[in-house]
Amino acid sequence: MEARSLARFIRVSPRKTRIVADLIRGKSIDEALGILALTPKKASPILRKAILSAAANVQFKNDGEVAMDNSNIFIKEIRIDEGPTQKRIRPRAQGRAFRINKRTSHIKVTVESIS
């Protein structure tokens, strides 16, 4: 059984989010949540929430059977795409302005249960 979850327009740059995503790719849900709990990055709680949502979707697809163990659910694919960039302006000397790019991410998590 396979399920997915999406987190879109997340205000963390995709480059920084991919660093955390690479740590948990291919792991079981329990192992991934343990790694994310000890990773001091801004993307960690966001990825945790997306993984828990995907795991809940697997259980819902399985006729609402809540007794499914998270150790039997593995992260099949985790994909971090770039979302729209918010453009901001930083005032500089002599009337100039520099651009600040505030990047966003789209996170797609696909999990699969082995049973």
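In what sense do β1 and β5 pair, and over how many bridges? I open with that question, and I should say at once that the structure under discussion is a predicted model. The answer is that the two strands pair in the antiparallel sense, over 7 bridges. One position on that boundary is Ala7, which stands opposite Ile107 in β5.

Let me place this pair in its sheet. The sheet is open and has 3 strands, in the order β1-β5-β2, with antiparallel pairing. β1 and β2 are the edge strands, each pairing on one side only. From one strand to the next, the twist averages 15 degrees. As general background, the strands of a sheet pair through backbone hydrogen bonds, either parallel or antiparallel.

On the other boundary, β2 and β5 run antiparallel and are joined by 9 bridges. Here Ile80 stands opposite Ile107 in β5, and Glu82 stands opposite Ser105 in β5. Ile107 therefore faces Ile80 as well as Ala7. β5 itself is mostly covered, with 7 of its 9 residues buried.

I turn now to the helices. α3 lies across β1, β2 and β5, and runs at about 150 degrees to β1. How do α1 and α3 meet, and at roughly what angle do their axes cross? Their axes come within 9 Å and cross at roughly 50 degrees. Since an angle is oblique when it falls outside the parallel, antiparallel and perpendicular ranges, α1 is oblique to α3. The residues in contact are Thr17, Val20, Ala21 and Ile24 on the α1 side, and Ala43, Ser44, Leu47 and Ile51 on the α3 side. The crossing of α1 past α3 is right-handed.

Next, the interior. In soluble globular proteins, nonpolar side chains tend to be buried together. In this model, the largest nonpolar core has 25 residues, and those with the most contacts inside it are Leu47, Ile51, Ile75, Ile78, Val109 and Val111. At least two residues of this core come from each of β1 (2–10), α1 (14–24), α2 (29–37), α3 (43–61), β2 (73–82) and β5 (105–113). Which element supplies the largest share of the core? That element is α3, with 7 residues.

Ile78 offers a closer view. Beyond its neighbours within four places in sequence, Ile78 is in contact with Ala21, Ile24, Arg25, Leu47, Lys108 and Val109. Among these partners, Ala21 and Ile24 of α1 and Leu47 of α3 also take part in the contact between the two helices.

I would also draw attention to Glu112, in strand β5. Is Glu112 buried or partly exposed? Glu112 counts as partly exposed because its relative accessibility is 29%. Not counting residues up to four places away in sequence, Glu112 touches Met1, Glu2, Asn72, Ile73, Phe74 and Lys76. For one of these, Ile73, the separation is 39 residues in sequence and 5.6 Å in space, C-alpha to C-alpha.

Glu2 brings me to Asn62, in the loop between α3 and β2. The C-alpha atoms of Asn62 and Glu2 are separated by 9.7 Å, although their positions lie 60 residues apart along the chain when counted as a sequence separation. With a relative accessible area of 22%, Asn62 is partly exposed.

Finally, two residues deserve a note on backbone geometry. Most residues other than glycine have a negative phi. Which sign does phi take at Phe9? Phe9 has a positive phi of about 60 degrees although it is not a glycine. This residue, Phe9, belongs to strand β1, and a relative accessibility of 48% makes Phe9 partly exposed. Gln94, likewise not a glycine, has a positive phi of about 60 degrees. Gln94 is located in the loop between β3 (86–91) and β4 (97–102), and at 73% relative accessibility Gln94 counts as exposed.

To close, I return to the strand with which I began. β5 pairs with β1 over 7 bridges and with β2 over 9, and β5 also supplies at least two residues of the largest nonpolar core.

Technical notes
Residues numbered from 1 in each chain as written. Predicted model: local features only at pLDDT ≥ 70, side-chain atom pairs only at ≥ 80, totals over all residues. Heavy atoms only, no water. Core = buried A, V, L, I, M, F, W, Y, C linked by side-chain atoms within 4.5 Å. Buried < 20%, exposed > 50% of the residue type's maximum accessible area, 1.4 Å probe, protein only. Helix = DSSP H or I, 4+ residues; strand = E, 2+ residues; numbered from the N terminus. Contact = heavy atoms within 4.5 Å. Pairing = 2+ DSSP bridges. Axes fitted to C-alpha atoms, helices over the stretch in contact; angles between N-to-C directions. Parallel < 35°, antiparallel > 145°, perpendicular 65-115°, else oblique. Left-handed = near helix turned anticlockwise from the far one by under 90°.
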